[in-house]
Amino acid sequence: MSRPAPADTAAGGHNPWLVAVVVAIATFMEVLDTTIANVALRYIAGGLAVGPDEAAWVVTSYLVANAIVLTASSFLAKRYGRKAFFMAAISLFTVSSVLCGFAWSLESLLVFRVLQGLGGGGMAPLAQSILADSFPPEKRGQAFALYGVAIVVAPVVGPTLGGWLSDTYSWHWCFLINAPVGVIALVLIHLLVQDPKSAIEERRRLRRQGVRFDIVGFILVATFLGSLEVVLDEGQRKDWFGSTLIIVFATLMAVSFVAMIPWELNHRNPVIDLRLLGRRQFGSCFLVMMATGAILIATTQFLPQLLQDYFGYTATWAGLALSPGGLVTCLMMFVIGRVSGYVEPKYLIAAGAAIIAFAMVDLTNLYGDLNFGFFVWSRIYIGIGLPMIFLSITAASYEGISKEQTDQASALINVARNVGGSMGVSLAQNVLAYRQQFHTSRLVEHIVPSEPAYQESLRRATDYFATRGASTVDAQSQAFAWIGQQVQTQSAFLAYIDVFWTLAMVSAAAIPLAMILKSVKRGGEAPAAGH
């Protein structure tokens, strides 16, 4: 197999593995910020004297800006150069991270988070494109393994690191920690990465032909994705269509979506190539990546929440429960990177989805006396399955894609991961809220004087508190309160079980999608991404 000349690779004459490490570090830093602030929200709310709902916009604003700029990254990289755009994105992300750390009010923090999201949104797809152009086809599976570590492990490390920084120092360090990493990544990208010869020629061609940015398409796509993120992230907190805010954004989302499709399909240089989604291979990869993002982000957010709210864990220990799974994910990424050269992606994806579905079913064995090890092992199972899906999807999505479409494919796959993550969190939030109400109403039906079990529980609880020195009246009041607390705790456990069953079904749905992917002839080579 002929290898590309150094001038036609993003690594130039440098070792491509150095480039892979640098872009993985930059991507890790960006993806980390999608979850690092989640566990710090209560600290941010207290530090800025705002309510929890207002503080939640710190996460939403970042995701909205991140989703919006993803769609423009393909054209901007072609028009102004992949290296220049990547360095500009890192610079904006780093500077805005420092500004977030020094924010003096919620309003200033939200402005800086939007800037941070705009900088971060262009980094992940460009990193993926740089890797695709830096390695020969037979090495791309291993290169994407390193990239996959950044994408999959960063959301797991986020709660651990964010919890530790917030508990030990302050929430400001959740953002300030990006500064030294960003500066190092910026210098190394400048020294190691170059624009391939083919990309330079493409840029000159666009300038000669006077190809302009699809501003109308960008506005429509940005409005759709931005509105979708707001509806998904704020819907449950705002009571969905009982809120004027949600109605407005849902309307914007629907109108922009209807207008976006014909415009993008008929435009000569669309901001996103919707025809890619119509291909069996890429469309299936897109849907499976959405499911993967849903599982990854939903479990990363809800497991620490469960541990902190009902098992008494600190933010640091809740994050540590996820850490062994992150280590397993790192190891599995490189194992699957080598195995992928011999096993078809669709079989790896199906196997990974089945393992994650099993992990979700295992989590339905939830009760109040579970120990730390149970949650560690549940995350380890997920850590085994996720690399099998993520790495195979990342490689399979480039199958049959021309080099000119590499940036488009990268942007769309990252949109799938982001939107899928938001959908997963929104789905889990709604299942948790509505099923907790349902289980509470069912359990309360049995708390009546005519129920012998209730009378016996009340008597025993009253006797218990009486032996602790409470008067008869106080002991009975404490018994009533204790029974009420137990009802709320049990209904929460039952609701979390329903959440895990739902996520198990989402993961299982990826299995038939995987099996419709094209078969790829194997001979010890990874998928020929970008060719």
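**A walk through the nonpolar core and surface**

Visitor: Where is Leu118 found?
Guide: This is a predicted model. In it, Leu118 is found in helix 6. That helix covers residues 106-121. The element asked for is helix 6.

Visitor: Is Leu118 buried, partly exposed or exposed?
Guide: Buried means under 20% relative accessible area, and exposed means over 50%. Leu118 has a relative accessible area of 32%, so Leu118 is partly exposed.

Visitor: Which helix gives the most to the nonpolar patch on the surface?
Guide: The patch is formed by Leu92, Val111, Val114, Leu115 and Leu118. Together they have about 340 Å² of accessible area. Four residues of the patch come from one element, helix 6.

Visitor: Which helix provides the largest share of the largest nonpolar core?
Guide: That core has 148 residues. Among those touching the most other members are Ile44, Phe86 and Phe311. The largest share of this core is 14 residues, from residues 280-310, which is helix 14.

Visitor: Which residues are in a second, separate core?
Guide: This other core has seven residues. They include Tyr454, Phe465, Ala475 and Ile483.

Visitor: Which residues is Phe86 in contact with, leaving aside neighbours within four places in sequence?
Guide: Phe86 belongs to the largest nonpolar core. Its contacts in this count are Val23, Ala26, Met123, Leu126, Ala127, Ile130 and Ile189.

Visitor: Why is the pair of Trp171 and Phe175 edge-to-face?
Guide: Planes over 60 degrees apart count as edge-to-face. The ring centres of Trp171 and Phe175 are 6.2 Å apart. Their planes stand at 80°, so the pair is edge-to-face.

Visitor: Is Trp171 buried or exposed?
Guide: The cut-off for buried is under 20% relative accessible area. Trp171 is at 5%, so Trp171 counts as buried. Its partner Phe175, at 0%, is also buried.

Visitor: What is the angle between the planes of Phe374 and Phe375?
Guide: Both residues are buried. Their rings lie 5.3 Å centre to centre and form an edge-to-face pair. The angle between the planes is 90°.

Visitor: Which residues form one aromatic cluster with Phe374 and Phe375?
Guide: The count comes to 14 aromatic pairs in this model. The other members of this cluster are Tyr310, Phe311, Phe493, Tyr496 and Phe500.

Visitor: Which residues does Gln429 touch, not counting those up to four places away in sequence?
Guide: Gln429 has its place in helix 19. With a relative accessible area of 13%, Gln429 is buried. The residues touched are Leu232, Asp233, Gln236, Arg237, Gln301 and Phe302.

Technical notes:
Residues are numbered from 1 along each chain as its sequence is written. This is a predicted model: local features need pLDDT of at least 70, side-chain atom pairs count only at pLDDT 80 or more; totals for chains, interfaces and linings use all residues. Side-chain values use heavy atoms; hydrogens and water are left out. A nonpolar core is a set of buried Ala, Val, Leu, Ile, Met, Phe, Trp, Tyr and Cys residues joined through side-chain atoms within 4.5 Å. Buried means under 20% relative accessible area, exposed over 50%, partly exposed in between (1.4 Å probe, protein chains only). Helices (H or I, at least four residues) and strands (E, at least two) are DSSP runs, numbered from the N terminus. Contact means heavy atoms within 4.5 Å. Patches are made of residues with over 30% relative accessible area and no salt bridge: like charges are joined within 9 Å, nonpolar side chains (Val, Leu, Ile, Met, Phe, Trp, Tyr) within 5 Å. Accessible areas come from the Shrake-Rupley method with a 1.4 Å probe; for residues, only the protein chains shown count as cover. A salt bridge is a side-chain nitrogen of Lys or Arg within 4 Å of a carboxyl oxygen of Asp or Glu. Rings of Phe, Tyr and Trp (its six-membered ring) pair if their centres lie within 6.5 Å; planes under 30 degrees apart count as stacked, over 60 as edge-to-face and the rest as tilted.
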